[in-house]
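Open the model in your viewer and follow the stops below in order. Each one says what to select and what is there.

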Amino acid sequence: DLACYVGQFIVSQWAKNPKSFYEQHQQGLNSLVYLIIFLGVFVMSQDKHVFLTSLSLKTLKEEGKLLGICCILASSMYLLNIGMNHLLFDFFPGYAEIEHQFNSYEPVLRFFAMVILPAWVEEYLFRFKIQNWLKEGFGIPIAIVGQALLFGSLHYYALQKIYATMSGFLLGFIKEKGSIKASLWVHLFINLIGWGIGSFMS
């Protein structure tokens, strides 16, 4: 949300037609501001080296089985989300606005903004930072529940909050049973499914 507001403000200061310009370049502008905010937080973090080290591909083969199982779970959960969307769509009319994200004229930026950037930023903030912090003070169950509820609540659309919370539970569990690397790969996989289905249907 902050990235969205900052992006709109910047455009309003110099574009001849701010609304039209922002709508045409929404994905790129939001992603740029989003990335700048994240990099600011990341650079100031004292444990950024721990996060980067934990993403090493050296142990990827050892976690292959876990990743496979988790991707199957993620696929099943996404199918469940699609069914839930059809059942609850009439109760959340505002959710139809999400379609405009798939009608962008910037397919490469759309892929980056919907698949790559959210997975990296959200796994770092919610699973690596918040979940670890909650685990130290309250234990693993509360850590997983707490970060999932916060993760879901910060999504924009009401219906989106529901399945984002479900995804948060799954990703938090994967992070504890496997690693932050495993939850990141599964998050990328979930986003990729959503991006593929949304792009195809639009």
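Helices and strands here are DSSP runs numbered from the N terminus, a helix having at least four residues and a strand at least two. Read in that way along the sequence, the chain gives the pattern α-α-α-α-α-α-α-α-α. That is nine helices and zero strands. Keep in mind throughout that the model is predicted.

**Whole chain**

Begin with the whole chain selected. It has 202 residues, and buried residues make up 40% of them. Show the surface next: the chain exposes about 11,800 Å², with 71% of this supplied by carbon and sulfur atoms. Among contacts between residues at least 6 apart in sequence, 73% join residues at least 24 apart.

**H6 and H7**

Two packed helices are described by the angle between their axes and the distance between the axes. Select helix H6, residues 107–138, together with helix H7, residues 140–153. Their axes are 8 Å apart, and the helices pack at an angle of about 145°. The crossing in which H6 passes H7 is right-handed. Which residues of H6 and H7 make the contact? On H6, colour Glu 122, Phe 126, Arg 127, Ile 130, Gln 131, Leu 134, Lys 135 and Phe 138. On H7, colour Ile 140, Ile 142, Ala 143, Ile 144, Gly 146, Gln 147, Leu 150 and Phe 151. By class, the residues of this contact of H6 with H7 are 10 nonpolar, three polar and three charged.

**H6 and H8**

Keep H6 and add helix H8, residues 158–177. The axes of H6 and H8 come within 11 Å and cross at roughly 70°. Angles of 65 to 115 degrees count as roughly perpendicular, and H6 and H8 are therefore roughly perpendicular to each other. H6 passes H8 in a right-handed crossing. From H6, the contact is made by Glu 123, Arg 127, Gln 131, Asn 132 and Lys 135. From H8, the residues to select are Gly 168, Leu 171, Gly 172, Lys 175 and Glu 176. This contact of H6 with H8 divides into one nonpolar residue, four polar and five charged.

**Gly 194**

For the last stop, select Gly 194, which lies in helix H9, residues 180–201. Is Gly 194 buried or exposed? Gly 194 has a relative accessible area of 11%; buried means under 20%, so Gly 194 is buried. Now add Met 114, which is 80 residues from Gly 194 along the chain. A distance drawn between the C-alpha atoms of Gly 194 and Met 114 reads 8.6 Å.

Notes:
Residues numbered from 1 in each chain as written. Predicted model: local features only at pLDDT ≥ 70, side-chain atom pairs only at ≥ 80, totals over all residues. Heavy atoms only, no water. Axes fitted to C-alpha atoms, helices over the stretch in contact; angles between N-to-C directions. Parallel < 35°, antiparallel > 145°, perpendicular 65-115°, else oblique. Left-handed = near helix turned anticlockwise from the far one by under 90°. Contact = heavy atoms within 4.5 Å. Nonpolar A, V, L, I, M, F, W, Y, C, P; charged D, E, K, R; others polar. Buried < 20%, exposed > 50% of the residue type's maximum accessible area, 1.4 Å probe, protein only. Areas by Shrake-Rupley, 256 points an atom, 1.4 Å probe, with all protein chains shown as cover.
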